[in-house]
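Take a walk through this fold, one region at a time. Keep the model open as you read.

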Amino acid sequence: MKSSNKNNSVSRRKFIKSGMILTAGLPVMRMYPFSFSDINSANQENGDELYSLFCDPPVTAKPFVRWWWNGDKVTASELLRELDVLKDAGIGGVEINPIKFPVADDLAIPSLPWLSPEWIEMVKITLKGAEERGLVCDIIVGSGWPFGAEFLEGDERSQLITIASRKVQGTGVVSIETAGLLKEAAPQISSRGQGDSEIEFLCLAPLQMDTFAQPQWLPFDKTQETLKIQVPEGEYILYAIVKVTGFQSVIQGTVGAGGPVLNHYDKDATLRYLNRMSDALFPELKGLKSFRSIFCDSMELEGANWGPGYLDEFKRRRGYDIKPYLPFILFKVGGMGHAIKGTEITQLSGEAKEEVSRARYDFTVTCMELIRERFLLTYTEWCNKHGFLSRVQTYGNEFHPLHASMDIDIPECETWTGHPDTPNAYTPVNKFVASAARLSGKKIVSCEEVTDIHTTFNVTLEKVKIVCDQSNLSGVTHSILCGYNYSPLTAPYPGWVRYGTFFDERNTWWEYFKQFAAYKTRLSALLQETEPYADIAVLHPLADMWTIYGPQRDPFPERWYPSYQYKVWEGIHRNGNGCDYTSEEIIVKSVSENGFLKYGNRKYHTLILLEVESMTPATAKALSTFVRNGGKLIFVGKEPHKSQGLKNHKKNDRQVATTIASMKKAYPSRIFTVAPPEKDIVAWFAGVQQQCGVTPYMKIDRPSEFVSQIRQQAAGKDIFFVSNCSPDERITLHVSFPESKGTPWLWDAETGERYLYPSVSGDTLTVDLSPAASQLIVFDTSGVRDVTLPAQPPETAGAELNGWLLRMEHVNGTERQRNINALFDLKDDETTRSFAGRLYYEKRLPDNISQYHWLDLGKVHGVSEVMLDETNLGNHWYGRHLYRLPDNAGGKTLRIKITTTQGNFLKSTPENKAGYVWTQYQQWAPAGMLGPVKLL
């Protein structure tokens with residue numbers, strides 16, 4: 001995509017006539033005997049509804065923001081002012097999100113308790129103000145995450161069954177303090193609540209066990225402070241099975257919706273909580289255009305696994321009693337529900353280890369079934385009953401990563417910047433959530449986007465684009481930017497900052513944000529209104545992982561199993577294919593015909609299993625049917641040979657093994673086993689394509705680790721979104737599209753314009769992607785009027801410009817200037833390291849430069865804007881900072897404005913607690929124009 005070269009004082013028509021730069025390495029627009037607006041009008045008259053939508057997207061395609069109502073310290077006038085700011089910036093909607101007050105001066109403004117009459121009045125004012133401005137409103141349930149409140153009591157609060165253990169030796173009586181066992185079993189989590197603990201069961205088990213035997217259950221009195229335990233001769237592990245109620249507090253909950261987390265395994269408690277909100281709030285909203293959706297934030301339940309009647313429900317669903325296995329499948333709970341190692345436990349081997357592992361799997365899926373039925377379905381039904389859509393981040397230890405999002409109207413994932421566990425921005429769960437939306441026929445895949453706690457105040461607009469592009473590649477179609485902070489202008493700089501990237505009018509690059517918003521809006525509109533394409537389905541070894549290790553906490557799982565599992569889809573897309581994730585349930589419910597596995601409107605010619613060892617006999621049978629009807633099956637590393645779960649497992653194991661062996665023998669040309677990847681996932685899948693005969697729909701001469709793509713389809717159009725995630729590398733690919741028909745066009749998401757693809761040779765397109773650039777390539781079979789653009793600027797050595805007057809306008813109000821011979825990174829000079837604001841590099845161009853037509857700024861950290869005397873040549877907020885020079889540029893004064901981020905300044909001011917708390921541990925960020933600056 002080209003980077004916008006606009007100035008508010010210059011009309012769009014004048015800009016087109018004076019020249020615009022396409023930073024994806026594409027040509028400059030020159031003067032034509034027509035305007036692009038005339039072409040677009042003609043195309044709309046020809047009935048191209050998709051392009052009309054692209055030119056004029058609906059408000060629902062615009063980015064929304066997570067609007068942190070910090071401490072619920074809100075006033076009517078400020079709420080309306082901020083709605084104006086957001087509308088002017090190109091935002092389409094807000095998610096009202098009350099949150100705990102951050103580190104800042106609260107200006108003595110009181111907090112309005114959640115659901116209080118005063119708080120409800122502010123919600124009404126916001127809804128009316130949003131409607132008047134054409135904005136959409138969502139609202140979160142409660143405050144913070146997971147939701148709860150101070151009014152929850154008893155078993156309404158979240159529950160966990162866990163263990164404490166001791167090694168004991170007999171013969172004799174052992175005395176153990178009850179309080180010590182309860183303390184040992186207490187979850188080691190950061191959001192610990194003031195819960196109640198009690199021992200449910202007490203038992204003895206051997207130190208080692210090869211063949212499973214029930215533990216020896218011990219009688220005890222729950223009222224005793226000291227337990228007297230008669231231990232037989234020998235060494236044992238004493239297990240206390242402990243139930244902890246109210247163990248977790250709402251993370252960052254504000255007044256009225258803090259306190260203990262709800263027990264999401266309790267349907268009655270869930271309904272009571274939700275009805276408390278609807279009874280208090282919804283009647284007051286009559287006559288107002290109300291919410292689009294009700295949102296439920298991160299389900300970080302910290303390992304909650306218990307609810308009413310669990311033991312009976314387990315026996316009814318699984319056909320056996322789970323109680324004898326509890327000592328061996330439970331663990332001490334740490335942060336995010338992860339297991340704490342080092343507890344005294346029975347060492348299992350042989351048949352005992354196998355049996356316990358299968359029981360662990362059954363325990364896991366039972367928890368997932370119960371939370372789906374008692375919370376997820378209940379929540380969506382409640383939302384729909386009141387006329388709203390449900391929007392939920394349905395992932396974590398307790399949720400099926402694929403199926404859970406299929407039960408939600410608007411499933412949501414998250415994409416971060418600066419997080420060490422997300423080098424490509426999207427989190428591992430994104431592809432699960434997007435695939436669930438595809439499989440359940442949903443157009444909107446929502447995303448908490450550009451979340452940040454590691455590089456706050458140092459995120460550039462270019463980084464925002466890279467992150468959001470990566471988000472779209474993972475399947476996202478709509479952005480909820482994280483976040484916009486409610487913060488009065490009277491709050492000391494930088495204001496009230498709770499979380500996320502600093503989307504705020506006090507951000508130095510805010511004046512350019514609207515250009516990003518326009519780009520993002522058109523891209524979202526196109527993705528929401530077209531059909532995503534995938535030709536490959538990928539099955540993860542979830543059953544094996546749950547059997548061996550238990551569930552993992554998405555979106556940041558402690559363990560990847562196998563270690564490359566979340567990289568495979570990247571290799572597939574970077575090599576020109578597309579994929580969805582699937583599940584055993586989806587495979588069994590699919591129809592196999594004509595070489596495809598079909599589920600709803602999704603169909604796949606290839607199914608890839610990632611080291612899957614266990615599956616149900618029904619899944620194995622479905623795979624056999626798929627292959628028999630012409631499908632292609634690829635086993636990575638391992639092959640299925642057993643079933644999951646405990647009941648009838650030996651019989652089921654034989655059925656699975658027999659089915660897999662039979663189909664391999666019958667259809668050897670359609671079933672492949674490939675070695676797992678080691679390091680280079682792109683090269684690995686290229687090898688899979690060659691070995692297994694997987695034909696890409698987009699043939700790429702040299703696939704890159706930085707470039708990925710997705711394919712969308714609409715009537716008469718085949719659409720490809722291609723993006724370069726590297727902020728430094730310019731990448732050129734030679735690409736062909738064997739399945740695509742029609743003429744290739746380039747649609748510009750920044751301006752809404754389109755034109756014939758400029759670099760076509762036969763069936764091959766030369767896709768030139770500058771750093772951080774993206775392209776929308778659209779094959780169109782309709783007879784759209786031709787528009788041809790000149791060739792791109794020549795690749796020449798050029799003439800380097802040196803010697804600058806550097807003027808520095810600091811956000812703190814100071815200004816200074818200096819002459820510099822060579823360009824430098826401000827972070828490398830102690831005298832400039834703490835700068836934040838606007839830099840102006842000035843020099844007079846030589847008189848005789850008629851042979852040069854371009855200005856290339858080289859490497860820039862920040863947003864660039866160029867003036868030549870009084871003529872504005874535009875700006876670039878990402879990618880290659882390349883500008884077209886007018887014919888009479890010689891002898892004129894060149895002024896290059898670079899807008900930096902603010903983090904370095906806030907890092908250097910410990911007295912500014914609101915900013916320093918986020919920046920104190922950050923590295924100094926690069927800033928300024930590094931060049932080399934050249935005339936081309």
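Two strands count as paired if DSSP finds at least two bridges between them. The model is a predicted one. With that cut-off in hand, start at strand S35, which covers residues 799-800. S35 pairs with strand S46 (residues 934-935) over two bridges, in the antiparallel sense. Ala799 stands opposite Leu935 in S46.

This pairing belongs to an open sheet. The sheet has four strands, in the order S35-S46-S39-S43, and the pairing is antiparallel. Its edges are S35 and strand S43 (882-884). Each edge strand has a single partner, so one side of each is left without a neighbour in the sheet.

Now move to strand S28, residues 717-724. Is S28 enclosed or open to the outside? Eight of its eight residues are buried, so S28 is largely enclosed by the rest of the structure. Its side chains point two ways. Lys717, Ile719, Phe721 and Ser723 point one way, while Asp718, Phe720, Val722 and Asn724 point the other. Both sets are buried, the charged residues Lys717 and Asp718 included.

S28 has strand partners to follow. Strand S27 (residues 707-714) is joined to S28 by eight bridges, and the two run antiparallel. Within this pair, Ile710 stands opposite Phe721. S27 and S28 form a hairpin with two residues between the strands. Gly716 in that hairpin takes a positive phi near 80°. Seven bridges join S28 to S34, again in an antiparallel run. Here Asp718 has Phe779 in S34 as its bridge partner.

Phe779 also takes part in a ring contact. The whole structure holds 52 aromatic pairs. In one of them, the ring centres of Phe720 and Phe779 lie 6.1 Å apart and the planes meet at 85°, so the pair is edge-to-face. The cut-off behind that label is an angle over 60 degrees. Phe720 sits in S28 and Phe779 in strand S34 (residues 774-780), so the pair ties together parts that are 59 residues apart in sequence. Both rings belong to buried residues.

Rings also meet charged side chains. Arg391 lies over the face of Phe295, at 4.1 Å from the ring centre. Arg807 lies over the face of Tyr840, with 4.3 Å to the ring centre.

Next comes strand S16, residues 478-485. Eight of its eight residues are buried, so S16 too is largely enclosed by the rest of the structure. Which way do its neighbours run? Strand S3 (residues 64-70) is joined to S16 by five bridges, and the two are parallel. Arg66 stands opposite Cys482 in S16. Strand S15 (residues 446-451) is joined to S16 by four bridges, and this pair is parallel as well. Glu449 has Leu481 in S16 as its bridge partner. The path from S15 to S16 involves a helix. S15, helix H13 (residues 461-473) and S16 make a right-handed β-α-β unit.

Turn from strands to empty space. How many cavities of 30 Å³ or more does a search of the whole structure find? The search finds four. The largest cavity has a volume of about 110 Å³. Its lining counts 17 residues, and the closest to the centre are Lys431, Arg438, Pro532, Cys579 and Asp580. Helix H12 (430-439), strand S19 (579-582) and S27 each supply at least two lining residues. H12 gives the largest share, four residues. S27 thus appears twice on this tour: it lines the largest cavity, and it pairs with S28.

The last stop is a pocket. The second largest pocket holds about 920 Å³ of space. It is lined by 42 residues, and the closest to its centre are Tyr361, Val365, Glu369, His403 and Glu585. Which elements give two or more residues to this lining? They are helix H8 (310-318), helix H10 (350-385), helix H11 (403-406), helix H15 (542-548) and helix H17 (584-589). H10 gives the most, with nine residues.

Terms used:
Residues numbered from 1 in each chain as written. Predicted model: local features only at pLDDT ≥ 70, side-chain atom pairs only at ≥ 80, totals over all residues. Heavy atoms only, no water. Phe/Tyr/Trp six-rings, centres within 6.5 Å; stacked < 30°, edge-to-face > 60°. Buried < 20%, exposed > 50% of the residue type's maximum accessible area, 1.4 Å probe, protein only. Lys NZ or Arg CZ within 6 Å of the ring centre and 35° of its normal. Right-handed = clockwise from strand over helix to strand, strands pointing away. 1 Å grid on protein atoms, 1.4 Å probe; cavity = no way out; pocket = protein on both sides within 12 Å on 5 of 7 lines; lining within 4 Å. Points joined across faces, edges and corners; volume = space filled by probe spheres on them.
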